[in-house]
Amino acid sequence: MKVPFYNAYVGSASGVFKGVYAVHKSNIFVKNIDGLKNATNKNPITSMSWCDGAEDEIMIGYGSQLVKIYNVQAKTFTFSDDKKFGEGPMVGVSKFKGLLMSAVESGIVRMWRENDVDVVTIESGGHLDRMRHKDGVIATGGKENDLKLWDVHTGGKKLFAAKNVRHDELELRVPIWVTDIAFIPDSKKVAVTTKHGHVRVYDPSTPMRRPVVNVQVPEQALTCIAYSYKDHHVIVGSGTGQMNLVDLRSKGLVMNKYKGFVGGIKSVGCSLSEPYIISVSLDRHFRIHHLLTKELVFKEYMQSKLTCVLVKSNFDLTPENYNSDEDLVSDKEEKEESAGEEETVHPTLNLNTGATTEKRIKSSSSPKKKHKS
């Protein structure tokens, strides 16, 4: 089977970059695109994102601070850069109008171009767990480093800095640990997950620096978040293998719970055109859940320890109709074979009715090859 384009991509702890083409509940095609020859646990893929908001290029960040760009249409890598800055692995990569952005665990965000000009660095203020970007706005957050928004157009000017929630009922300070970030479409709102089980929504368009929505998933250390097919709802995953649908309207509400996980969930992605949730976890499985019915639609063992997943916005399990090069070649060969065959007519008499029918037999004009015994 020749695949036209993959509808999901996964990265592994050994640095292997895989393309996934899922078309049916029981039909999936997986290919190692890069990294199998040089696979090592010392250089995991730690972050992936679409470039420029489109889905033609993928920017990949590694634990060694290596950055690569993969062209989906050409099916080849077009850029690679391993210039180190700060300390720790990549926690976020992105590209916006030719400007490359990457962030490392020590808290530094770097903006530069492929020819190394106009390099700008941003000090985020502490440890980083995640950096995300959308439409010229960079969002950062980590351990004791609450959500901050930065403007790409002004060279990294701070747009927003979140303020911690009030003390709890025992008048104790609530610790800060942002683990993942998601932008809410068609608004300026930003949602985050925390290591202490909180899902929070911030609205920079208002004077409020504290979250406008603050809901907690009990006894869960949340690790990832993705905006879902259902409006005003996000999918969150935890380190204990629990995945939930969270309603962000009003005061927030934890809803559906999706089962089938054995290890902690590392990354989630959602189709925006169909109700599907795609996830990867520490048990090395690639899973597809139905958002509305909670059904585990598909599960595939990937052999590698999976770290992140990137999903096309129009992800669907409906097979695509296409003609691959292999199909065209086979059709051409069939036509040439049929053209080289001669048709022989043999009259046949029906003994019961006395009618005569013609039986047509195709025979090749070229002599048959004899096989040596």
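**View 1. D247 is a buried acid with a salt-bridge partner.**
D247 has a relative accessible area of 9%, so this aspartate counts as buried. This is a predicted model, so take the side chains here as predicted too. The partner of D247 is R249, and their closest N and O atoms sit 3.0 Å apart. R249 is partly exposed, at 46% relative accessibility. Elsewhere, E57, K95 and E114 are joined into one network by salt bridges that share partners.

**View 2. D180 makes salt bridges to R130 and to R132.**
How many salt bridges does the whole model hold? The count is ten, and this view picks out two that meet at one aspartate. R130 reaches D180 with the closest N and O atoms 3.5 Å apart. R130 belongs to strand β12 (residues 130-134) and D180 to strand β16 (residues 178-183), so this pair ties together parts of the chain that are 50 residues apart in sequence. R132 also bridges to D180, and here the closest N and O atoms are 3.0 Å apart. That second pair again runs from β12 to β16, so it links parts 48 residues apart in sequence.

Buried or exposed: where does D180 fall? D180 is buried, with a relative accessible area of just 2%. R130 is buried as well, at 16% relative accessibility. R132, on the other hand, counts as partly exposed, at 26%.

**View 3. Strand β14 is mostly covered.**
Have a look at residues 145-151, which make up β14: seven of its seven residues are buried. On one pairing, strand β13 (residues 137-142) runs antiparallel to β14 and is joined to it by five bridges. One residue pair to look for here is V137 with D151, its bridge partner in β14. On the other pairing, β14 is joined to strand β15 (residues 157-161) by four bridges, again antiparallel. For that one, look for L149, whose bridge partner in β15 is F160.

**View 4. Two hairpin turns flank β14, and each has a residue with positive phi.**
Which residue takes a positive phi in the hairpin of β13 and β14? That would be E144, with phi near 50°, in a hairpin with two residues between the strands. The hairpin of β14 and β15 has five residues between its strands. In that hairpin, G155 takes a positive phi, near 75°.

**View 5. Strands β24, β25, β26 and β27 form an open sheet.**
The four strands line up in the order β24-β25-β26-β27, and their pairing is antiparallel. Which strands stand at the edges? They are β24 (265-270) and β27 (296-301); each has a single partner strand, so one side of each is left without a neighbour in the sheet. Ignoring direction, neighbouring strands here are turned by 15° against each other on average. Zooming in on one edge, β24 pairs with β25 (residues 276-281) in the antiparallel sense over five bridges. Within that pair, I265 stands opposite S281 in β25.

**View 6. The cysteines form no disulfides.**
A disulfide is a covalent bond between the sulfur atoms of two cysteines. How many turn up when the whole structure is searched? Zero. Take C224: this residue is in no disulfide, and the nearest cysteine sulfur, the one in C270, is 9.9 Å away. The cut-off for a disulfide is sulfur atoms within 2.5 Å, so that spacing rules the pair out. C224 is buried, with a relative accessible area of 2%. C51 is also buried, at 3% relative accessibility.

**View 7. Zooming out, the protein has one helix and 30 strands.**
To put the close-ups in context, here is the protein as a whole. Of its 373 residues, 48% count as buried. The accessible surface comes to about 19,600 Å². Carbon and sulfur atoms account for 49% of that surface. How much of the contact list is long-range in sequence? Taking contacts with a separation of 6 or more, 43% are between residues 24 or more positions apart.

Technical notes: Residues numbered from 1 in each chain as written. Predicted model: local features only at pLDDT ≥ 70, side-chain atom pairs only at ≥ 80, totals over all residues. Heavy atoms only, no water. Buried < 20%, exposed > 50% of the residue type's maximum accessible area, 1.4 Å probe, protein only. Pairing = 2+ DSSP bridges. Axes fitted to C-alpha atoms, helices over the stretch in contact; angles between N-to-C directions. Salt bridge = Lys/Arg side-chain N within 4 Å of Asp/Glu carboxyl O. Contact = heavy atoms within 4.5 Å. Areas by Shrake-Rupley, 256 points an atom, 1.4 Å probe, with all protein chains shown as cover.
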